[in-house]
Amino acid sequence: MGEEGTEGTVHLLCLAASSGVPLFCRSSRGGAPARQQLPFSVIGSLNGVHMFGQNLEVQLNSAKTEDTTVVWKSFHDSITLIVLSSEEGTSELRLERLLQMVFGAMVLLVGLEELTNIRNVERLKKELRASYRLIDSFLGDSELIGDLTQCVDCVVPPEGSLLQEALSGFAEAAGTAFVSLVVSGRVVAATESWWRLGMPEAVLLPWLVGSLPPQAARDYPVYLPHGSPTEAGLAMRRGGAPASPLCGLPQVPHRLLTLTLLPGLELCLLCGPRPPLSQLDAQLLERWWQPLLDPLRACLPLGSRALPAGFPLHTDILGLLLLHLELKRCLFTVEPSGDQEPSSEQRRRLFRSFYTLVTATHFPPEAGQPEEKAEEVVHRAQVPRACYLVSGAEEPGTGWRLVALQLGPRRLLLLLSAQSPTHGLRGLATHTLHALTPLL
């Protein structure tokens, strides 16, 4: 199994579907932004072969050359996204989900109406620049994994009940039902209404906050891909879930308010015209959060660790990914024992490759995913409950082990050291899953 993300180049192209005019091109190499751009002739050829197929009622989804994988995807017959990846071990599943997240990011920061009813291409190009930072974070070597799993990256705070109680009280005092605590792009705690946000906005909002440069406070306009209200809908809505768009009426953005409680730990509010940012004064923050300064400080290391200090994990575990497929939340860490090989970057690549392998080959797609077919649901009883992969088996004590286990709505992936015996992988994974189950 290749290490996805190793010294390869990814090119992302966005074009207007009707005219083929390029709207932007973003590139990365080895997980870092790259200035290398594709020639216009290549862009035109990639879009032309896709349009040619459509004219013949043939849907071109993907193609492979000796060293490159290409995936095409159209959205609302208005936007065409194309991604080319020469990263070793990349997968079509990974690239398909990347394109879904990229389009979600475009909608989040520009609005669905602007993308489906393109009136002025040059103006749209300028507006789309606001999404570059978020899109580039998908192309880079992120410490998050929600872009691939389409589950919200979460952490488990040591005193979660206290934080949850304060969050609910603060939300009521601030006059909005949508509030969350976010550390390094991961959700620490959130109100019930925030958790009811649909996909992909539930993943995109904390990811957006984590990708922005540090700032004491923000008032940021966002369009929810599945929940941006219209002018009429916003006037009618009073405190419930975000309204759905009404055809023919202009969309208006929600306001994402962020307040930095501690460096790296931000309070996020999703609201309409009220409250104004000035209303969230220091007195209100001090009332709800000053008494919880120590529990808040305890959240800061969770950005990379996800689990509270002292949580019992077997010493062979080098990283874990726990998914709750119904709640669409996940815990992800590659730092239970940070000094051992492989490096944190390699561990993240291994998890991404192994996740795409087990999702595309062994386990059924997550509930509600568009690639899930009716016959796959019928034969769900025939799919395996566990699988594993061993590296370096020809030399005892070298390489590492990867194991995946699914029980009910939970799926656990573990990266284990070479010392972990193969015959004990399933037992160790089962024990770890039972220990983690109360957390997610």
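How are helix 5 and helix 9 oriented to each other? The question concerns a predicted model, and it is best approached from the chain as a whole.

The protein chain has 440 residues, of which 53% are buried. Its secondary structure comprises 16 helices and 17 strands. Among the contacts in the chain with a separation of 6 or more, 63% join residues that lie 24 or more positions apart.

Within this fold, attention may turn to one helix pair. Two packed helices are described by the angle between their axes and by the distance between those axes. Helix 5 spans residues 132–139 and helix 9 spans residues 201–211; the two pack at an angle of about 100 degrees, and their axes are 10 Å apart. Angles of 65 to 115 degrees count as roughly perpendicular, and helix 5 and helix 9 are therefore roughly perpendicular to each other. On the side of helix 5, the contact is made by R133, L134, S137 and F138, while helix 9 contributes L204, W207, L208 and S211. By class, the residues of this contact are 5 nonpolar, 2 polar and 1 charged.

The interior of the model also contains enclosed space. There are 4 cavities of 30 Å³ or more, and the second largest cavity holds about 60 Å³. Its lining is formed by E143, R186, S304, F332, T333, V334, E335 and R348. In the lining of this second largest cavity, 4 residues are charged, 2 are polar and 2 are nonpolar.

Notes. Residues are numbered from 1 along each chain as its sequence is written. This is a predicted model: local features need pLDDT of at least 70, side-chain atom pairs count only at pLDDT 80 or more; totals for chains, interfaces and linings use all residues. Side-chain values use heavy atoms; hydrogens and water are left out. Axes are lines fitted to C-alpha atoms, for helices over the stretch in contact, and angles run from 0 to 180 degrees between N-to-C directions. Helices (H or I, at least four residues) and strands (E, at least two) are DSSP runs, numbered from the N terminus. Angles under 35 degrees count as roughly parallel, over 145 as roughly antiparallel, 65 to 115 as roughly perpendicular and the rest as oblique. Contact means heavy atoms within 4.5 Å. Ala, Val, Leu, Ile, Met, Phe, Trp, Tyr, Cys and Pro count as nonpolar, Asp, Glu, Lys and Arg as charged, and the others, Gly among them, as polar. On a 1 Å grid over the protein atoms alone, a cavity is a set of points where a 1.4 Å probe fits but cannot get out, and a pocket is an open set with protein on both sides within 12 Å along at least five of seven lines; lining residues have an atom within 4 Å of a point. Grid points are joined across faces, edges and corners, and a volume is the space filled by probe spheres set on the points. Buried means under 20% relative accessible area, exposed over 50%, partly exposed in between (1.4 Å probe, protein chains only).
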